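Student: I would like to learn how to read a structure feature by feature. Please give me the general idea each time, then the case at hand.

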Amino acid sequence: MGIITIYYKYVAIEDPHAIMRWQKNLCIELGLKGRILIAKEGINGTVGGTSDAIAAYKKAMLDHPFFTDLDFKDSPGEADHFSKLRVVIRPEIVHLGLDTTQITARDVGKHLSPEQAHQFISQKNDNTIVLDTRNKSEWKIGRFNGAVNADIEYFRELPAYIDQNIDLFKGKEVLMACTAGVRCERASAYLKSKNVATAVYQIKGGIHRYVEQFPDGEFRGKNYVFDGRISVKINDDIVGTCDRCGISYDEPSNCINAECNRQLVTCPTCREKWLNTCSEKCSQLVHNKLVRIRTKSAKIEVTPTP
Ligand SMILES: [Zn+2]
Ligand SMILES: [Zn+2]
């Protein structure tokens, strides 16, 4: 088993194409696969490969003047946890759908260390709120005790959630959380721009760094990840339930109808009953052989970058 490393940095990149070419060559040379998003506002990547290849990748990154202080978060994994290498240029390094010159990473919520975040979450009271900024499929299988979630499918829906629930944050100290920290940067800047919360914080390094220090702490269940592993088990709690029958269950899978491929959490009994599909409609299509079926050997498809 090799390593999957995840990193991001908000830094002004004048020529994203040059960075893209460099990253492509570097990853191909090292046999890495994964996903790297580059924008004028920075870089956001997740790549997997052998331990030696990842070490060489990190060295090359840290040698580049833009990325000397990059914080890499590692976990066990490999290149084949990704279907391919994707290096792309985007307007934002996480799609929030907000103008990068208006809501910038320069005006973000204060970073709390994992210890400070632990204290904040374990001492939660009427004046504090923990907002999990991740999507509902991530929240479903693992989350912080006492946190709230926006029940969103895509991160870009978060600003509307904040607007619609602005009273929730009035006069409160808010701690935001996400997988490795990148989403909370500009999300916290957005909440700050509303001037309602008494303080806005985010966890430095996100859930990833928190659970490294507190594997049996306030975060319970599994940490959802955006590669073929789907999730990383943090502790023995099962916080998820089967979408169909409601029993305690937390293994995500995908609808076997290749054209649907919707991600769901369904227990083995329900999966069998519904022919590994997400709905009556898909199970009928599969039953009548009207659609292409995902082959068994195919890796579980991964939802696009949050
Ligand atoms: Zn079930
Ligand atoms: Zn389906």
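Student: Does Val-108 count as buried or exposed?

Tutor: Buried means under 20% relative accessible area, exposed over 50%, and partly exposed in between, with a 1.4 Å probe and protein chains only. At 16% relative accessibility, Val-108 counts as buried. Before we go on, note that this is a predicted model, where local features need pLDDT of at least 70 and side-chain atom pairs count only at pLDDT 80 or more, while totals for chains, interfaces and linings use all residues. Residues are numbered from 1 along each chain as its sequence is written, chains are lettered from A and ligands numbered from 1 in the order in which they are written, and side-chain values use heavy atoms, leaving out hydrogens and water.

Student: Where is Val-108 found, and with which residues is Val-108 in contact?

Tutor: Look in the loop between E5 and E6; helices (H or I, at least four residues) and strands (E, at least two) are DSSP runs numbered from the N terminus. Contact means heavy atoms within 4.5 Å. Leaving aside neighbours within four places in sequence, Val-108 touches Glu-185, Ser-188, Ala-189, Lys-192 and Gln-202. Val-108 and Gln-202 are 94 residues apart in sequence, yet their C-alpha atoms are 8.5 Å apart in space.

Student: What does the same reading give for His-81?

Tutor: His-81 has 15% relative accessibility and so counts as buried. Its place is the loop between strand E4 (73-77) and strand E5 (85-89). Beyond neighbours within four places in sequence, His-81 is in contact with Met-1, Ile-4, Asp-227, Gly-228 and Arg-229.

Student: On to the metals. Which residues are the protein donors of the zinc ion (ligand 2)?

Tutor: Donors are N, O and S atoms within 2.8 Å of the metal (3.2 Å for Na, K and Ca); water is not among the atoms, so sites may look incomplete. For the zinc ion (ligand 2), the SG atoms of Cys-255, Cys-260, Cys-278 and Cys-282 serve, 2.2 to 2.4 Å away. Along the chain these donors follow the spacing C-x4-C-x17-C-x3-C. Cys-255 lies in the loop between strand E14 (252-254) and strand E15 (263-265), and Cys-278 in the loop between helix H8 (268-273) and helix H9 (280-287), so the pair ties together parts that are 23 residues apart in sequence. Cys-255 is buried at 0% relative accessibility, and Cys-278 is buried at 9%.

Student: What is the geometry of the site of the zinc ion (ligand 2)?

Tutor: Four donors count as tetrahedral if all angles lie between 85 and 135 degrees. The four donor atoms here make angles of 105 to 114°, and the site is tetrahedral.

Student: And what coordinates the zinc ion (ligand 1)?

Tutor: Cys-242, Cys-245, Cys-267 and Cys-270 do, each through SG, at 2.3 Å. Their angles of 101 to 115° make this arrangement tetrahedral, and the spacing in sequence is C-x2-C-x21-C-x2-C. Cys-245 sits in the loop between strand E13 (231-233) and E14, and Cys-270 in helix H8, so this pair ties together parts 25 residues apart in sequence. Cys-245 is partly exposed at 42%, whereas Cys-270 is buried at 8%.

Student: How many aromatic pairs does a search of the whole structure find?

Tutor: A pair of rings is described by the distance of the centres and the angle of the planes. Rings of Phe, Tyr and Trp (its six-membered ring) pair if their centres lie within 6.5 Å; planes under 30 degrees apart count as stacked, over 60 as edge-to-face and the rest as tilted. The search finds 10. In one of them, Tyr-8 and Tyr-10 have centres 6.3 Å apart and planes at 75°, so the pair is edge-to-face. Phe-144 and Tyr-210 are also edge-to-face, at 5.1 Å and 75°. This pair links distant parts of the chain, with Phe-144 in strand E8 (residues 142-144) and Tyr-210 in helix H7 (residues 206-213), 66 residues apart. Both Phe-144 and Tyr-210 are buried, and ring pairs join them with Phe-214 and Phe-219 in a cluster.

Student: Last one: which residues are buried in helix H3 (residues 114-122)?

Tutor: Pro-114, Ala-117, Phe-120 and Ile-121 are. They cover an arc of only 120° around the axis, which puts them on the same side of H3; the arc is that of the directions from the helix axis to the C-beta atoms. The buried residues of H3 pack against several elements, including strand E7 (128-132), E8 and H7.

Methods. Tetrahedral: all angles 85-135°; square planar, octahedral: opposite > 155°, others 65-115°.
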